[in-house]
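Q: Please take a close look at the nonpolar core of this protein chain. Which residues and elements build it, and what lies around it?

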Amino acid sequence: MLTIYRLSTKLKKHSYDLCSKLSKLVALRETHVNGGVMHRVTLNGHSGTSEDGVQRNKYADYVKFLELVGNLKHIKRTGWVLRNVKDCETISGHMYRMGMMSFLLDGQQGLDRIHVMELALVHDLAESIVGDITPYCGISREEKLLKEFSAMTEIAELLGPSKDKLLELFNEYEEGKTPEAKFVKDLDRLDMVMQAFEYEKRDNCPMKHQEFFDSTKGKFSHPLVINIVNEINAQRERFAEASNDGAADNSSPSREAAASGGSR
């Protein structure tokens with residue numbers, strides 16, 4: 001029997017082919033001939049050309065696109081919600097810091113900084129419709145991909161000529177074969193462990209979120225990210241040690257108190 005990890009890995013290898021097939025099935029669901037005008041019906045119910053031949057309002061589509069992006073500012077990341085982390089980050093916060101991480105590239109890594117930023121900004125965009133689906137949500141990897149690609153197709157239809165670019169970025173990230181896509185996957189995990197450490201410091205609960213570090217152990221591949229993660233781990237160890245020392249000092253009587261008690 002395949003383990004969950006091996007099954008996920010197997011599905012990952014086929015995700016790009018699946019996305020390619022879905023792009024034809026989802027983006028072009030029905031083709032109608034109405035009044036001599038051929039037009040495509042998309043997931044959001046709009047069409048490239050209305051029945052009377054009037055072009056769709058691209059600015060209305062742009063507003064809808066921005067509304068969907070805005071959803072990410074309010075949807076909290078599921079992993080933290082399930083663990084009752086107070087005031088936890090939203091999806092947009094996660095994506096924004098990943099985008100800013102592209103500035104860590106100094107030109108010596110052979111990676112396209114702009115392309116890394118684009119991938120980071122697009123990789124979780126589908127969650128504006130389907131939400132943040134995790135392995136704890138009871139949804140298979142394949143079903144998750146189906147939901148997300150359907151959502152991405154709907155979102156892309158709002159961008160007119162730019163729709164192909166959006167879907168290409170999503171497919172590239174999901175396939176995970178290009179150097180930039182692999183790097184962004186590293187950034188995804190890096191932001192998670194960084195966030196876990198920040199919550200431990202904020203809530204004064206050292207090592208509480210160890211599971212997030214365990215789940216990413218050995219999965220980082222880029223030297224830059226590995227070095228940053230090593231630094232986070234070193235700081236985390238020092239924070240835990242300092243917290244333990246402080247707790248020990250607070251639990252033991254001071255010298256002055258001990259001397260005063262002994263003279264009575």
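A: The answer below begins with the whole chain, turns to the core, and ends with two local sites.

The model is predicted. Its protein chain has 264 residues, of which 38% count as buried. The secondary structure consists of 12 helices and two strands. Along the sequence, one helix is followed by the two strands, and helices make up the rest of the pattern. Among contacts between residues at least 6 apart in sequence, 63% join residues at least 24 apart. The chain exposes about 15,400 Å², and carbon and sulfur atoms supply 54% of that area.

In soluble globular proteins, nonpolar side chains tend to be buried together. In this model, the largest nonpolar core holds 46 residues. Those that touch the most other members are Trp80, Met152, Leu166, Leu187 and Leu190. Two or more residues come from each of the helices α2 (58-71), α4 (91-100), α5 (113-122), α7 (141-156), α8 (163-175), α9 (179-202), α10 (210-216) and α11 (223-251). The greatest contribution to this core is that of α9, with nine residues.

Leu190 deserves a separate look. Leaving aside residues up to four places away in sequence, Leu190 touches Met101, Phe220, Val225, Ile228, Val229 and Ile232.

Helix α5 is another contributor to the core. Its buried residues are His115, Val116, Leu119, Ala120 and Val122. The cover over these buried residues includes α4, α7, α8 and α9. At the start of α5, a polar detail can be found: a side-chain oxygen of Asp112 comes to within 3.1 Å of the backbone nitrogen of Ile114.

The second local site is Asp214, which is located in helix α10. This helix also gives two or more residues to the core. Is Asp214 itself buried, partly exposed or exposed? Asp214 is partly exposed, because its relative accessible area is 47%, while buried means under 20% and exposed means over 50%. The side chain of Asp214 makes a polar contact with the side chain of Gln210, at 2.8 Å. Asp214 and Val193 are 21 residues apart along the chain, and their C-alpha atoms are separated by 9.6 Å.

To summarise, the core of 46 residues draws on several helices, including α5 and α10, with α9 giving the most. Within α10, Asp214 is a partly exposed residue.

Technical notes: Residues numbered from 1 in each chain as written. Predicted model: local features only at pLDDT ≥ 70, side-chain atom pairs only at ≥ 80, totals over all residues. Heavy atoms only, no water. Core = buried A, V, L, I, M, F, W, Y, C linked by side-chain atoms within 4.5 Å. Buried < 20%, exposed > 50% of the residue type's maximum accessible area, 1.4 Å probe, protein only. Helix = DSSP H or I, 4+ residues; strand = E, 2+ residues; numbered from the N terminus. Contact = heavy atoms within 4.5 Å. Polar contact = N/O pair within 3.5 Å; in protein donor to acceptor, adjacent residues only side chain to side chain. Areas by Shrake-Rupley, 256 points an atom, 1.4 Å probe, with all protein chains shown as cover.
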